[in-house]
Amino acid sequence: MVSLTIDGKKIKAKEGDKILWVALDNGIYIPNLCAIQEALESAASCRLCFVEVEGKDKPVTACTETVEEGMVVNTRGAKALRLVRTGFELLIASHSLDCAHCVSRDSCELLKIAVHLKVKLKTKRLRELPRGLPVDSSSPVFVYDPNKCVLCGRCIWVCRERLGIGDIGFAHRGFRRVVAAFGDEPIAKAKCSKCAECVAVCPAGALYFKDGKAPKRKASQKT
Ligand code: FES
């Protein structure tokens with residue numbers, strides 16, 4: 001075990017644990033979208049979990065940084081918050097904001113992050129960048145709306161690592177990047193067990209049930 005401090009709170013943690021999970025386990029929220037606790041490594045692609053660590057000159061990502069004896073972590077430092085707020089504003093500038101009609105609004109992690117960071121969803125700092133991509137409703141069970149997708153990769157990870165199917169992945173680059181079946185085919189072309197675990201881990205309502213039911217989060221999906 002190691003002892004560390006996060007936001008002034010003294011904490012004991014297992015050696016090798018990442019700051020993100022230690023903080024969340026101890027009731028200290030750090031925004032995160034792409035990390036999955038059961039994964040050995042985080043994709044570290046969302047860039048929303050920056051924190052400051054005493055002795056380090058630059059903020060570090062909490063999902064990749066391992067706890068150390070005597071570490072002092074600040075989740076609210078100005079440098080880290082500036083990075084996180086800018087990253088989040090960029091992300092929501094291209095996110096289709098239709099919260100009133102979104103079936104995932106009660107579990108939406110973007111709303112939670114916006115409240116935490118005190119960032120307005122309709123920011124004036126950046127112009128809106130609608131992606132205008134076609135919605136994939138080929139699955140009999142769920143819909144994939146790439147215009148709400150934050151490209152966190154959680155759905156791809158659970159399909160591959162938790163279920164051992166792995167028939168969906170990212171297609172295209174940059175602004176046109178989407179989740180699709182192999183060969184940029186509609187999701188219905190993928191081998192799919194219809195378990196809908198991908199819907200349950202989507203943080204932003206990009207995957208939602210056709211019958212309008214709200215997705216059920218697993219206890220293991222910490223946010
Ligand atoms: S949760 Fe750390 S970079 Fe996404």
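**Overall architecture and local packing**

In the protein, 59% of the contacts with a separation of 6 or more are between residues 24 or more positions apart. The model is predicted. Of its 223 residues, 49% count as buried. The accessible surface comes to about 11700 Å². Carbon and sulfur atoms contribute 53% of that surface.

The protein holds five helices and nine strands. Their order along the sequence is β-β-α-β-β-β-α-α-β-α-β-β-α-β. The radius of gyration is 18 Å, and the globule rule gives 17 Å for 223 residues. These values are close, so the protein is as compact as a globular protein of that length. Along the principal axes, the C-alpha atoms fill a box of roughly 50 × 40 × 30 Å.

Five strands form an open sheet in the order β2-β1-β5-β3-β4. Pairing within this sheet is mixed. Strands β2 and β4 (60-61) lie at the edges, and each pairs on one side only.

At one edge of the sheet, β2 (residues 9-13) pairs with β1 (residues 2-6). The two strands run in the antiparallel sense, and five bridges link them. Leu4 has Ile11 of β2 as its bridge partner. Two residues separate the strands of this hairpin. Asp7, in the hairpin, takes a positive phi near 50 degrees.

At the other edge, β4 joins β3 through two bridges. This pair is also antiparallel. Here Phe50 is bridged to Thr61 in β4. In a regular strand, side chains alternate between the two faces of the sheet.

Helix α2 (residues 78-93) contains 16 residues. At 1.5 Å a residue, the helix should span 22 Å. Its end C-alpha atoms are 22 Å apart, so the expected span and the model agree. Several residues of α2 are buried. Toward the start of the helix, these include Ala80, Leu81 and Val84. Gly87, Phe88 and Glu89 are also buried, as are Leu91, Ile92 and Ala93. The buried residues of α2 pack against two elements, β3 (50-53) and α3 (109-117). Strand β3 thus appears in two settings: β3 pairs with β4 in the sheet, and β3 also packs against buried residues of α2.

Definitions and conventions
Residues numbered from 1 in each chain as written. Predicted model: local features only at pLDDT ≥ 70, side-chain atom pairs only at ≥ 80, totals over all residues. Heavy atoms only, no water. Pairing = 2+ DSSP bridges. Helix = DSSP H or I, 4+ residues; strand = E, 2+ residues; numbered from the N terminus. Expected span 1.5 Å × (residues − 1). Buried < 20%, exposed > 50% of the residue type's maximum accessible area, 1.4 Å probe, protein only. Contact = heavy atoms within 4.5 Å. Rg over C-alpha atoms; globule rule 2.2 N^0.38 Å. Areas by Shrake-Rupley, 256 points an atom, 1.4 Å probe, with all protein chains shown as cover.
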